[in-house]
Amino acid sequence: MFTFSYHRPASVDDALALAAAEDEAKYLAGGQTLLPTLKQRLASPSDLVDLGDIAEMSGIRVEEDRVVVGAMTPHADVAASAAVRAAIPALADLAGRIGDPAVRNRGTIGGSVANNDPSADYPAACLGLGATILTTVREIPAEAFFQGLFETALAPAEMITAVSFPVPLRAAYEKFPNPASRYAMAGVLVAVTPAGVRVAVTGASQAGVFRWTEAEAALDAAFAPEALVGLALPAEDMIADIHGSGAYRAHLAGVMARRAVARLLG
Ligand SMILES: Cc1cc2nc3c(=O)[nH]c(=O)nc-3n(C[C@H](O)[C@H](O)[C@H](O)COP(=O)(O)OP(=O)(O)OC[C@H]3O[C@@H](n4cnc5c(N)ncnc54)[C@H](O)[C@@H]3O)c2cc1C
C-alpha cells in the first residue's frame, strides 16, 4: 500500500470539498474493491474520502412508483428490505446473491455502480429496470451512465448519492455465478415495463453491461422462453478468460435469459 491521507467527513458538502481539493483523491465506500486494489499497489490515491459517516447517503425510500436506494446502502440492506421485496422483488433477490455475507454487509450500491465491473450484478438491475443514477450535480439515465469496462459517465469528484429504480410491472434476475467469487459469469435481468420488455446482460460482454435488444424484440412479440431460442450473442464480443470462453458465456446468457422469462411466467 502507498501512503495516503484519510478523511471521514460527516456531510456530502464536506466530502465534495475534500475530493475537489486534491487531484488524486478517491471516495471510499464499502472498500470491497478499492481496498484490495490499494493493497496490491494498483492504485495510489493521495487522499481517501470515506463516505461512511454521511447518514443522508444511506437508506431506502419507496415512493409511489420508484425505489430510491442511497449510495451508501449495503447490499444486505437491499436484500433484507421488505419494502424493496414488495415493490421490486427482483432487486432484493439480486442484492441477496452478490458475493458472500461479508461482501454484502460492506459493499454498497454506489460503490458497485461507480466501479462498473463487467461482472457485477447491480449494473444489470440499473440498465434492465431503466434506473436513474443520482449524483451531486445531475441525474444520469443508466443507458448514459455505463460506458464500457469499468467506465462510467462520472466526472472526477462527482459523487453518486442514490440510485432511483422505476417499479416495473414485473422483473426477474437470473445469474450463473462464478463458484469462487459469486460474480456473474452471465447474469440477465428481464423486466416487463409499460413501455415494453427490457433485457440487460452482465458478466458476459467485453464492453460491460448491455441491453440485448434482439431478445427484447422477440419477447415483446411473444413473452415465452421459446421466443429466445435461436437468438445468439456474438461469441467474439464476449469475455474469454480462465473461467470460460466467449462461446460459453454467450450460451450462458441465453440460458439465463430463458430462465428469467420462465420464472416470470411462474
Ligand atoms: C470476494 C468478493 C466477491 C464479490 N462478489 C460480487 C458479486 O457476486 N456481484 C457483484 O456485483 N459484486 C461483487 N463484489 C463487489 C462488491 O459487491 C462491491 O459492491 C464492490 O466491490 C464495490 O462496492 P464498495 O462499496 O465496496 O466500493 P469501494 O470499493 O469502496 O469503491 C469502489 C469504487 O467506487 C468509487 N465510489 C464508491 N462510492 C462512490 C460514490 N458514492 N460516488 C462515486 N464514486 C464512488 C470508489 O472511489 C472506488 O473507485 C465482490 C467483491 C468481493 C471482494
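A polar contact is a pair of N or O atoms within 3.5 Å. Keep that cut-off in mind while you move through this structure, which is a predicted model.

**Stop 1: the ligand and its polar contacts**

Select the ligand together with T108, and look for the place where an oxygen atom of the ligand is 2.7 Å from an N or O atom in the side chain of T108. Then add R182, where a polar backbone atom is also to be found, 2.7 Å from an oxygen atom of the ligand. With K175 selected as well, you can find an N or O atom of the K175 side chain at 3.3 Å from an oxygen atom of the ligand. How much of the ligand does the protein cover? On its own the ligand has 980 Å² of accessible area, and the protein covers 89% of that area.

**Stop 2: the shell around the ligand**

Now widen the selection to the 32 residues around the ligand, among which Y27, T33, T108, D121 and R182 come nearest. Sorted by class, this shell holds 15 nonpolar, 12 polar and five charged residues. If you colour the chain by domain, you will see that domain 1 (5–50) and domain 2 (58–265) each supply at least three residues of the shell. Two elements, β2 (25–28) and α7 (109–115), give two or more residues to the shell, and α7 gives the most, with four residues.

**Stop 3: K175 and R182**

Go back to K175, which you will find in strand β9 (residues 170–177). Is K175 buried or exposed? K175 counts as buried because its relative accessibility is 7%, and the cut-off for buried is under 20%. A polar atom of the K175 side chain lies 2.5 Å from the backbone oxygen of R182, and a polar atom of the same side chain lies 2.9 Å from the backbone oxygen of R97. When neighbours within four places in sequence are left aside, the residues in contact with K175 include I98, D121, Y183 and M256.

Select R182 next, in the loop between β9 and β10 (184–193). R182 has a relative accessibility of 34% and therefore counts as partly exposed. If your viewer shows backbone angles, look at phi of R182, which is near 75°, a positive value in a residue other than glycine.

**Stop 4: F165 and the helices**

Move to F165 in strand β8 (residues 160–166). F165 is buried, because its relative accessible area is 0%. Select V68 too, since this pair shows how the chain folds back: although F165 and V68 are 97 residues apart along the chain, their C-alpha atoms are separated by 6.2 Å. Apart from neighbours within four places in sequence, F165 is in contact with residues including L91, A125, C126 and L129.

A125, C126 and L129 are among the buried residues of α8, and in this helix (residues 122–129) eight of its eight residues are buried. Just after α8 comes G130, which takes a positive phi of about 75°. L91 is one of the buried residues of α5, a helix (residues 89–96) in which six of its eight residues are buried.

**Stop 5: F150**

Finally, select F150, whose place is in the loop between α9 (142–145) and β8. F150 counts as partly exposed, because its relative accessibility is 44%. Although F150 is not a glycine, its phi is positive, at about 60°.

Notes:
Residues are numbered from 1 along each chain as its sequence is written. This is a predicted model: local features need pLDDT of at least 70, side-chain atom pairs count only at pLDDT 80 or more; totals for chains, interfaces and linings use all residues. Side-chain values use heavy atoms; hydrogens and water are left out. A residue is near a molecule or strand if one of its heavy atoms lies within 4 Å of it. A polar contact is a pair of N or O atoms within 3.5 Å; within protein, one must be able to donate a hydrogen and the other to accept it, and residues adjacent in sequence count only if both atoms are side-chain atoms. Accessible areas come from the Shrake-Rupley method with a 1.4 Å probe; for residues, only the protein chains shown count as cover. Ala, Val, Leu, Ile, Met, Phe, Trp, Tyr, Cys and Pro count as nonpolar, Asp, Glu, Lys and Arg as charged, and the others, Gly among them, as polar. Domain bounds come from an automatic or database domain assignment. Buried means under 20% relative accessible area, exposed over 50%, partly exposed in between (1.4 Å probe, protein chains only). Contact means heavy atoms within 4.5 Å.
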